[in-house]
Amino acid sequence: MRRYSAFAIAREALRYHAGWEKAWASPEPRRKYDVVIVGAGGHGLATAFYLGRNFGITNVAVIEKGWLGGGNTGRNTTIIRSNYLQDPSAAIYEKSRSLYETMSQDLNYNVMYSPRGVMMLAQTQAEVRGYLRTAQANTLQGVTTRFIDPPEVKKLVPIINLDGPRYPVLGALWQDRAGTARHDAVAWGYARACSDMGMDIIQQCEVTAVRREGGRVVGVDTSRGAIDCDKLGIVVAGNSGVMAERAGFRLPIDSVALQALVSEPIKPCMDVVVMANTVHGYMSQSDKGEMVIGGGADGYNNYTQRGSFHHIEETVRALVETFPMVSRLKMLRQWGGIVDMTGDRSPILSKTPVEGVFINCGWGTGGFKATPGSGWAMAELMAKGHSPLAEAYTLDRFREGRFIDESVAAGVAH
Amino acid sequence: MLILHCPYCGVMADETELHGGGEAHLTRHGPGSSDEEFHDYLFAKENPRGVHFERWRHVNGCGKWFHAARDTATLEVFGTYSAQTTEPPQAIRDAITARRPGWTWRHLAGSAK
Amino acid sequence: MSEAASALDGASFEGLVRVADAGLRGMVTLRGDLGADALHAAVKQVSGCDMPGQRKITAAGDSAVAWMAPDEALLLCPHGQADATCAALARALDGVHHLAVNVSDARATFALEGDDGALREVLAKLAPADLSAEAFGPGDFRRTRLAQVPGAFWMPRQGAARVICFRSVAQYMFDLLTTAAAKGSGVGYFQA
């Protein structure tokens, strides 16, 4: 694989850009792999990448029924942060955030990681207490966050209205090394690096059945033929329950559509990410100038990856009070992505009742930020059978009552 | 935008008038049940991609609970029916069978009588 | 005893239509089996109105009765008569399973008057209900939401509507209605 560099751009500029090679190969599936990963989104590709990078396992296929990064990887609002409350969450999300810091260099692919800072507004006394507690927990966990007062909020976000009639801004939880990244580039960068290691990325190939012998996985049937494997990783957010069913077990998740929208592009006006959980909306400005706005989830199980019209009104209405300038914005697009909601709003990274099958799901409304950390932990789990980062996230925790309650830190009201 | 017919007040109610109440026809397990039953009651939910039965409440309307049968993959609504039942009525099952032959949900199936 | 006052003390607004605090109104919630003859007779005796059918409202003189749910009706009467109405219902329904409560002071009422099309438009901007003349007119009663709060409305006649909401959100409702009725905001959707 030819490296991307300033020199390469100069070289290609002189020969009509005819020398760029495809970022990843699209081979026909082989008959057998050591590891098959179902799902070529960010988490699946990151899992494959770290299997190769950290454990030298490169006889790997990543199978995708649609196109690469076409699920939640391409539908999120690109926010990266690690200001969670519980220790297992802080560990995996902070690992993830730290991997984002060097991702462009590690992958030789510009993922446009922008540690612009994430601010979670406290607009009720309960939120003030909650975020003070989180800030203190984060200090103990080694995650750099702090609680800031309203004048500092105003300094960081001049367009904010601190004195909203219903929900004044009473402070905020601020993480200055949190931020955003270019979501598609994360999937593309991992795909290119995986392909370079000799892994097969097979798109438009749906897994229709998981073949088992004596309680152990032996392969999968796909729309492009049978593929044998020793280990199978299911990393298919939005379709996890359906795939688990095909593998013969059940997941404690609900699938719901999470809503988002963007405005027309405008001049730079806000260089941090602001989340307003009480009024239920969050916003950042993309490099193109669009205001990227995250809303709530639909209140019922559904698999339709589409925007729900009334969410535009609800979300924008919520934001207008805190950001009066939003009232003059035209909205450009809206969409929905299907998220796996668990009872404690924490993910599942676990072995399953089927030997050799591993599941990575349940990231709820906040999976993008976890992409590298999730892949790192999943790869370790699949290679070694256990991973310190994934230890708490077993499928059994629901049976055993060991919940990792993040319904507050997960941010979006569910 | 999901629109359901409220069987109590007869309006075609848009989802902003309604509140989803989750999976329908649950058997509740509490004190005295086995660990397995309690776990399944709490966590082993139906989350099908396809035919699903749910409880809904016409919260900004007549305030009544009712049941709905719909497809979670297409948002097609097969029908709504009274809350005072532990199983979907035959007419609803027939309506689903007409549109989704071979459907199943828990122990229910298209051909079930 | 202190003097009763309506939520917004007669506030009014002129725009696409006139929006006004409709003042104090007596309201009695009656719960029971609305299909039972005993309730029909009691409602008729106390209010002079027939029991309304599904999503209907009936009126007689100062009184009206609205269909709220299969087991709930709302009796409207002059504010000072609400307690007497409750007592009369209790007497008429002695021995019949029911509940009658004076909820007058929990509610606010607004009156909208003006062009019929404009009036339908003001409500349609706020509620996910079909306000076309074919679907909704005098005699109909609709419980729904108006923006973020529950409410109900009906049309006593062409070119007039009444909106009921909880008294705690009266100012919000007035602001909604006046914004929806702001001059120059007409869409003309219901104009013939």
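**Exercise 1. Find the residue that stands opposite Phe13(C) in strand S2(C), and then place the two strands in their sheet.**

Solution. In this predicted model, the residue opposite Phe13(C) is Val19(C), which belongs to S2(C). The next step is to look at the two strands as a pair: S1(C) is joined to S2(C), residues 18–21, by three bridges, and the strands run antiparallel. From the pair one can go on to the sheet, which is open, has six strands with antiparallel pairing, and follows the order S1-S2-S8-S11-S10-S9 in chain C. At its edges are strand S1 (12–14) and strand S9 (141–146) of chain C, each of which pairs on one side only. From one strand to the next, the twist averages 20°. As a last step, consider what lies across these strands: helix H4 of chain C, residues 170–180, lies across S1, S2, S8, S9, S10 and S11 of chain C, and runs at about 15° to S8(C).

**Exercise 2. Determine which strands stand at the edges of the five-stranded sheet of chain C, and which helices pack on this sheet.**

Solution. Begin with the strand order, which is S4-S5-S6-S3-S7 in chain C, in an open sheet with antiparallel pairing. S4 and strand S7 (99–102) of chain C are the edge strands, because each has a single partner strand, and so one side of each is left without a neighbour in the sheet. Neighbouring strands here are turned against each other by 20° on average, direction ignored. The pairing of strand S3 (residues 26–31) of chain C with S7(C) is antiparallel and extends over four bridges, and within it Arg31(C) has Leu99(C) as its bridge partner in S7(C). Turning to the helices, H1 of chain C (residues 37–47) lies across S3, S4, S5 and S6 of chain C, at about 150° to S5(C). Helix H2 of chain C (residues 82–92) also packs on the sheet, where it touches S3, S6 and S7 of chain C, and its direction makes about 25° with that of S3(C).

**Exercise 3. Decide whether Thr58(C) is buried or exposed, and describe its surroundings.**

Solution. First locate the residue, which is in strand S4 of chain C, residues 57–60. Its relative accessible area is 19%, and since buried means under 20%, Thr58(C) counts as buried. Its side chain reaches the backbone oxygen of Asp50(C) at 2.7 Å. If neighbours within four places in sequence are left aside, the residues in contact with Thr58(C) are Cys49(C), Asp50(C), Pro52(C), Ser63(C), Ala64(C) and Val65(C).

**Exercise 4. Explain why the buried residues of helix H2(B) lie on the same side of the helix.**

Solution. The residues concerned, in helix H2 of chain B (residues 90–99), are Ile92(B), Arg93(B) and Ile96(B). They cover an arc of only 100° around the axis, and therefore they lie on the same side of H2(B). The face turned away from this buried side carries the exposed residues Ala91(B) and Ala98(B). Among the elements that cover the buried residues are strands S4, S5, S6 and S8 of chain B. Two of these, S5(B) and S6(B), pair in the antiparallel sense over five bridges, and Phe66(B) has Ser82(B) in S6(B) as its bridge partner.

Key
Residues numbered from 1 in each chain as written. Chains lettered and ligands numbered in written order. Predicted model: local features only at pLDDT ≥ 70, side-chain atom pairs only at ≥ 80, totals over all residues. Heavy atoms only, no water. Buried < 20%, exposed > 50% of the residue type's maximum accessible area, 1.4 Å probe, protein only. Polar contact = N/O pair within 3.5 Å; in protein donor to acceptor, adjacent residues only side chain to side chain. Contact = heavy atoms within 4.5 Å. Pairing = 2+ DSSP bridges. Axes fitted to C-alpha atoms, helices over the stretch in contact; angles between N-to-C directions. Arc of directions from axis to C-beta.
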